[in-house]
Amino acid sequence: MCIRDRSQRRYVAAVRRVRIEQILAALKDRPRGKRRLAIRGQTTWEIGDDEEELNIEMSVETFGRLVPNLTTLRNLYEEDKEGIKNKGFSHLEIVIDTSGSMNGSPLETAIDMAVALIEAARREEDSIALVTFSSGAWEGIPPSFEYDAIEDIILRLMADGGTNLRGAISIIDEHLSQVNDLAGIFIISDTAIWDINRLEVKEKLRNWALKMPVYLIAITDEMYEETQIALKNSLVRLIRISPSEESPWEIVLDLYETL
């Protein structure tokens, strides 16, 4: 990888990092700023309140459904004068689909997205780890602060083989066991994951998502039907990005929301 290519990648990453950092900031337990706030509980979110304050994940986890004014929650904050509250995740688990269907633009976009995540982690001094999967799964690097090393691996990724997410589960679990703080999992794929609707995969995704933020960055213009079915009620957040053009990103929870 020549210096010019690397510089170009980082330029693209810098542009995309703005959006990535919006996502990461949204996951922090307390907002940025002089008054470092911490969550002290939840109260009812009602129609007319700021939509950004609606905590969909907590509402679904607590009540199993969303009924405005009844089963919708928003966070209550207090000033964290002592700095003892958990500020959110400080580890990024990057999981990249390198199967044959990712060849070409999808993989190139996936690489750019991964570099953007690395640059965001570098800026926040978060630890990162890398796992790739296709017919099998491979550990790119365990949890560390070796940003350049992970970037070097990612820049050399090639696409080939099938799509076996199950193989990556044990590696990801091992990584998570090494991390003391809360992690955020980012799975980057064109969503054509053949085993995603298997019970063990669906249960693992939901179990992860109950404990930490889990994102599927979907590099596709049309979602794979089996993946859509598997993600229903999984609490996995979906970010959809077109591999062919720069179009608005969408975060999908129960409904589409433009980021």
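This is a short talk about helix α5, the residues packed around it, and the aromatic pairs in this model.

Okay, one caveat before anything else: what you're looking at is a predicted model.

Let's start with α5. The helix runs over residues 166-177, so to speak a 12-residue piece, and from first C-alpha to last it reaches 18 Å, close to the 16 Å expected at 1.5 Å a residue. Which of its residues are buried? That would be A168, I169, I171, I172, H175 and L176. And what covers them? The cover includes four strands, β3 (91-97), β4 (127-133), β5 (137-144) and β6 (183-189), plus helix α6 (199-211).

Now hang on to H175, and go over to strand β3, where you'll find E93. E93 is buried, yet there's no salt bridge for it. The nearest side chain of opposite charge is K204, and that's 12 Å away. What does the E93 side chain make a polar contact with? The side chain of H175, at 2.5 Å. If you skip neighbours within four places in sequence, E93 is in contact with A129, V131, I172, H175, G184, I185 and F186. Two of those names, I172 and H175, we just met as buried residues of α5.

On to α6, and to V201, which is found in that helix. V201 counts as buried because its relative accessible area is 1%, and the cut-off is under 20%. Its C-alpha is 7.6 Å from that of L165, although V201 and L165 are 36 residues apart along the chain. Leaving out residues up to four places away in sequence, V201 touches L165, R166, I169, D195 and I196. I169 is another of the buried α5 residues.

Last topic, the rings. How many aromatic pairs are there? The count comes to 2. In one, F145 and Y147 have ring centres 6.5 Å apart and planes at 80°, so that pair is edge-to-face. Buried or exposed, for Y147? Buried, with a relative accessible area of 9%, whereas F145 is at 53% and counts as exposed.

Then there's F186 with Y215: centres 5.4 Å apart, planes at 15°, so the pair is stacked. This one links distant parts of the chain, with F186 in strand β6 and Y215 in strand β7 (residues 214-219), 29 residues apart. Both of these residues, F186 and Y215, are buried. And F186 brings us back to E93, since F186 is on that contact list too.

That's what I had, thanks.

Note on methods: Residues are numbered from 1 along each chain as its sequence is written. This is a predicted model: local features need pLDDT of at least 70, side-chain atom pairs count only at pLDDT 80 or more; totals for chains, interfaces and linings use all residues. Side-chain values use heavy atoms; hydrogens and water are left out. Helices (H or I, at least four residues) and strands (E, at least two) are DSSP runs, numbered from the N terminus. The expected span of a helix is 1.5 Å times one less than its number of residues. Buried means under 20% relative accessible area, exposed over 50%, partly exposed in between (1.4 Å probe, protein chains only). Contact means heavy atoms within 4.5 Å. Lys and Arg count as positive and Asp and Glu as negative; His and the chain ends are not counted. A salt bridge is a side-chain nitrogen of Lys or Arg within 4 Å of a carboxyl oxygen of Asp or Glu. A polar contact is a pair of N or O atoms within 3.5 Å; within protein, one must be able to donate a hydrogen and the other to accept it, and residues adjacent in sequence count only if both atoms are side-chain atoms. Rings of Phe, Tyr and Trp (its six-membered ring) pair if their centres lie within 6.5 Å; planes under 30 degrees apart count as stacked, over 60 as edge-to-face and the rest as tilted.
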